[in-house]
Amino acid sequence: MSTISQWQLRAAFAARLSEMYGQEVPAYTTLVDVSREVNEDVLRARGADAERLGSIGRVTAERHGAIRVGTPRELRQVARIFGALGMHPVGFYDLREAAASAVPVVSTAFRPVDGEELARNPFRVFTSMLTPADPRFFDAELRSRLEAFLADRELFPPELLALADRATAERELPQQEAERFLHLAVRAFELSTEPVDRTWYETLERISAVAADIGGVRSTHINHLTPRVLDIDELYRRMTDRGIEMIDTIQGPPAWTGPDVLLRQTSFRALAEPRAMRTPDGSVISGALRVRFGEVEARGIALTREGRALYDELLGHIDEQASQNPSEPRGEIARAVWERHLPGSEQELAARGLAYFTYQPSPDRPRDGSRPPVGIGELLRQGWVRAEPIVYEDFLPRSAAGIFQSNLSGEGTRHSDQQGTAYDADWLSGAIGRDVLDPFALYEQQQNDSLAHLARELGLTGTPS
């Protein structure tokens, strides 16, 4: 009997989830179509340069999804499902602190971590968990009601979890079991037709629309799926021209003439979708909820810890200048700050240790008998080595919070005079039951492996730095 490997399960799950979401949210299909058109146009215009951060095949197939759960138990179950697909929790994101409005969640992203696995299929799922224990959002009485509601629901059937555990242990599934696993996994993230308790939902919605979406229903669902595009500014224009209402901004770094770094994101606005609502007298009426939207992303080079510190510092400069000059477009302010403070070339990013690259000996450098220098900057400048950028595979808390906020129906309620409940990566690791990996460590290991290989190739006595 033929078997289906983890990466094939991951690719099939991503494709089927995309098909399902397109049927439920037709505007998502438009977003995918426009992304494909933009990518094809960029490839024709730029040639090989367009594939500097990933082959067109990978970029076109690439997706990330977003889901929301309510408890550590549900998060552990999600980790089992994604573990079956060869996906690991990477990064800790506290959207409570990144958002100006009420977004009471902490998050991680499940994704492949091995370079070969990422090349095969880089599917990611940004996964948020509600924080009922945070008194800034939930008083003791509402927290008790919410936790009781969440404890009483079952998001994932036992059969799905058992198949997930088998796929994780064996790193594959027989074809028939794989088909059953995929069917159950996709169905678990469909939008439920079960009537929503209107009074309970509205109680939570007054606190936070995100809290209501997580804890106001007895199921979960995919909140958005995100294709990757090579020119997000052009996509934004084309979607707007088609009459699709986009959020006000593109989150993340500004458009500029230098290297693309980290992640830029935007989305169309959450749509009013019909939902059955149960009223206090038990009758079911037709209502509408705005919880799902279509996001798109453009990925750049992964920054080192030093590069990320500079990025955060530049965001502070932009915020300060924007507050002092409210009539000046924020995008223009950001572009000017970027051009003043960020290196304008990949080589300079590498030489200053601000971004991650893999390094290989340059095959076309003439062999003149000279010894290679030891520093990366000089190795690059003298043509001894070639640097290939490492793509940023993760997320930005401020950008994620910005997307969430832009699609909320209201600001919600936040009592900032209260002390917030502490959550961090260690807490989340314990809640999930597996280590939440440090994205910087993953990129650094990839770079260090290439540097060690480079040192052997060039006969250096030490590793270049």
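Begin by selecting helix α2 (residues 26–46), which lies across β2 and β8 and runs at about 10° to β8. Keep in mind throughout the tour that this is a predicted model.

With α2 still highlighted, add the strands beneath the selection: five of them form an open sheet in the order β3-β4-β5-β2-β8, and the pairing is mixed. Colour β3 (88–94) and β8 (224–227) separately, because these two stand at the edges, each with a single partner strand, so that one side of each is left without a neighbour in the sheet. Looking along the sheet, you can follow its twist, since neighbouring strands are turned by 20° against each other on average, when direction is ignored.

Next, narrow the view to strand β2 (residues 63–69) and strand β5 (residues 124–130), which pair in the parallel sense over six bridges. Strands of a sheet pair through backbone hydrogen bonds, either parallel or antiparallel. To find one such bridge here, select V69, whose bridge partner in β5 is M129. Then bring in helix α18 (residues 425–432), which lies across β3, β4 (105–111) and β5 and runs at about 65° to β4.

From the sheet, move to R10, which lies in helix α1 (residues 6–24). Is this arginine, R10, buried or exposed? R10 counts as buried, because its relative accessibility is 0%. Show the surroundings of R10 and, leaving aside residues up to four places away in sequence, you will find that it touches L85, G86, M87, P112, E117, N121 and F123.

The charged pairs make the next stop, and the model holds 44 salt bridges in total. Select E62 and R58, whose side chains meet in a salt bridge with 3.2 Å from N to O; both E62 and R58 are buried.

For a pair within one helix, turn to R238 and E234, whose side chains meet in a salt bridge at 2.7 Å, N to O. Both residues lie in helix α12 (residues 232–241), four residues apart, which is about one turn of the helix. An α-helix has 3.6 residues a turn, so residues three or four places apart point the same way. R238 counts as partly exposed because its relative accessibility is 22%, and E234 is likewise partly exposed at 22%.

Now select R398 and D319, which form a salt bridge whose closest N and O atoms are 2.7 Å apart. This pair links distant parts of the chain, with R398 in helix α17 (residues 397–406) and D319 in helix α13, 79 residues apart. R398 counts as partly exposed at 36% relative accessibility, and D319 counts as partly exposed at 28%. To see salt bridges that share partners, display R58, E62, R124, R228, E297, R299 and E393 together, as they are joined into one network.

Finish at helix α14 (residues 330–341), whose 12 residues reach 17 Å from the first C-alpha to the last, close to the 16 Å expected at 1.5 Å a residue. Which residues of α14 are buried? They are I333, A334, V337 and W338. If you look down the axis of α14, these buried residues fall within an arc of 135°, so they line one face of the helix. Add α13 (305–324) to the selection as the last step, since the buried residues of α14 pack against α13.

Key. Residues numbered from 1 in each chain as written. Predicted model: local features only at pLDDT ≥ 70, side-chain atom pairs only at ≥ 80, totals over all residues. Heavy atoms only, no water. Expected span 1.5 Å × (residues − 1). Buried < 20%, exposed > 50% of the residue type's maximum accessible area, 1.4 Å probe, protein only. Arc of directions from axis to C-beta. Contact = heavy atoms within 4.5 Å. Salt bridge = Lys/Arg side-chain N within 4 Å of Asp/Glu carboxyl O. Pairing = 2+ DSSP bridges. Axes fitted to C-alpha atoms, helices over the stretch in contact; angles between N-to-C directions.
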